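Work through the exercises below with the sequence and the 3D view side by side. Each task is followed by a solution that goes step by step.

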Amino acid sequence: MNATNGSTESTHAHYLSDACQQLGYGQEVYELLLSPARELHIQLPIRKDDGSIVLFNAYRVQHHNARGPYKGGLRYHASVDINEVRGLACLMSLKTALLELPLGGAKGGINCNPDSLNSRELERLTRCLVEKLHRNIGPTQDIPAPDVGTNEQIMAWILDEYTKIYGYNPAVVTGKPLVVGGSHGRKEATGRGACQVIANYAKHHNMPLEDCTVVIQGFGNVGRYAAFFLDALGAKVIAVSDSQGAIVNHDGLDVAAAIHHKDSVGTVSGTANCDIIDNASLLALPCDFLIPAALGGAINSANVDAIKAKVIVEAANAPVSWTANDILAQRNVPIIPDILASAGGVTVSYFEWVQNLQFVSWSLDQVRDALDQRLAQACRQVFELADEQQLQMRSAAYRIASERLKDAIFAAGI
Ligand code: NAD
């Protein structure tokens with residue numbers, strides 16, 4: 001039951017293997033939990049505006065649907081490959097199980113650099129994906145959502161293309177704009193979720209949030225909302241970064257100013273009253289909570305020794321390699337794992353799906369209350385098991401999720 005390197009795929013295989021051993025499951029159950037049900041590799045030929053034809057590789061991995069329809073994001077990024085998508089699909093099955101959502105797990109992506117395509121080309125690429133994938137997605141089959149490099153607009157194109165074939169059914173995709181069946185609170189959900197998980201952790205450990213400092217790597221959808229909500233709860237966000245640079249102010253950043261600067265200039269670098277530092281130095285800043293909210297593998301064997309944070313919060317998917325995870329565990333640095341800390345997005349995606357199936361709309365307050373309650377319950381379960389059995393939070397979360405997934409697979413019958 002051993003994985004061999006630090007890629008996203010093997011990271012989750014490694015943790016799943018540990019969970020299965022602790023639960024007393026044999027090799028066959030481990031393989032049942034790890035192996036995806038279906039993997040699709042699709043080629044997308046697109047004509048660019050200059051007349052040239054470019055061929056893109058797209059993937060959709062449907063991991064498990066024993067607990068409900070496959071569910072997971074679509075990533076447009078140059079690093080996308082089948083191994084990455086396979087690992088992220090497994091992570092989604094565990095995340096939905098941990099949050100007790102009646103959904104399974106999937107992930108998809110297109111290997112592309114979205115910044116090199118204009119809006120018309122991105123639209124053609126997305127419509128072409130649905131043209132090739134529509135038989136394998138659907139409201140009770142597989143429901144995509146946004147991830148790195150994708151957004152509400154791309155979800156709206158997916159809905160429109162699907163509607164042309166099957167008629168209007170907004171529950172086929174989540175993370176849509178409000179005007180075409182999106183949910184209040186979806187855009188902010190992953191960042192708010194990370195913030196709520198930190199608030200629950202801080203309460204559990206008697207750490208007043210007003211006395212806590214926070215450092216955030218990544219200032220996209222997840223990072224900026226995490227900063228916004230933590231700032232609103234009184235925590236001191238002292239540093240943030242994006243792919244173009246990092247900024248620090250040890251007295252606390254003006255988060256609204258950093259968001260405004262990012263929106264107007266394209267980077268946080270240069271925000272007033274902050275010092276510019278390099279991205280590697282940001283990860284090494286002393287702080288109470290370090291939140292990696294960019295890409296996988298951000299904290300790895302090369303930089304783990306420099307980490308001085310008291311607690312790491314995985315708002316991104318798989319931002320800590322398992323080698324770094326084990327080193328941090330030896331140093332007793334707690335890690336709030338991705339299947340808990342980044343679960344806010346899929347939880348509100350579930351609420352969006354429920355609203356779409358019933359053709360109703362919840363208020364922002366309803367969505368936020370339901371999200372906060374569900375996360376508080378998952379936190380309680382993970383913290384209690386970790387305390388009782390003296391486990392790392394990741395081991396506790398993986399145990400709970402693996403057991404639920406295994407029970408559903410066996411209840412349905414092999
Ligand atoms: P995004 O594309 O909106 O933002 C990513 C951010 O990371 C950008 O600000 C980018 O500049 C920054 N970045 C990239 N490389 C960096 C580097 N080396 N150093 C510092 N910053 C860097 O993506 P997102 O939606 O915010 O997703 C971020 C992470 O959260 C991903 O791992 C994603 O899988 C995960 N996640 C997202 C959601 C969601 O709802 N969007 C849900 C669950 C998990």
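**Exercise 1: the ligand and its surroundings**

A polar side-chain atom of R75 lies 2.7 Å from an oxygen atom of the ligand, a polar contact being a pair of N or O atoms within 3.5 Å. The model is a predicted one, in which local features need pLDDT of at least 70, side-chain atom pairs count only at pLDDT 80 or more, and totals for chains, interfaces and linings use all residues. Residues are numbered from 1 along each chain as its sequence is written, and side-chain values use heavy atoms, with hydrogens and water left out.

Task: Describe the polar contacts of the ligand and the shell of residues around the ligand.

Step 1. An N or O atom in the side chain of D147 is 2.9 Å from an oxygen atom of the ligand, and for the side chain of R186 the corresponding distance to a ligand oxygen atom is 3.4 Å.

Step 2. The protein buries 81% of the 840 Å² that the ligand exposes when taken alone (Shrake-Rupley method, 1.4 Å probe).

Step 3. Two or more residues of the shell come from each of α7 (221-232) and β7 (236-242), helices being DSSP runs of H or I with at least four residues and strands runs of E with at least two.

Step 4. Around the ligand there are 24 residues, of which R75, D147, T190, A294 and N317 come nearest (a heavy atom within 4 Å).

**Exercise 2: the domains**

Task: How does the shell around the ligand draw on domain 1 and domain 2?

Step 1. The protein is divided into domain 1 (36-170) and domain 2 (189-333), with bounds from an automatic or database domain assignment.

Step 2. Their centres, taken over C-alpha atoms, are separated by 28 Å.

Step 3. Each of the two domains gives at least three residues to the shell around the ligand.

Key:
Polar contact = N/O pair within 3.5 Å; in protein donor to acceptor, adjacent residues only side chain to side chain.
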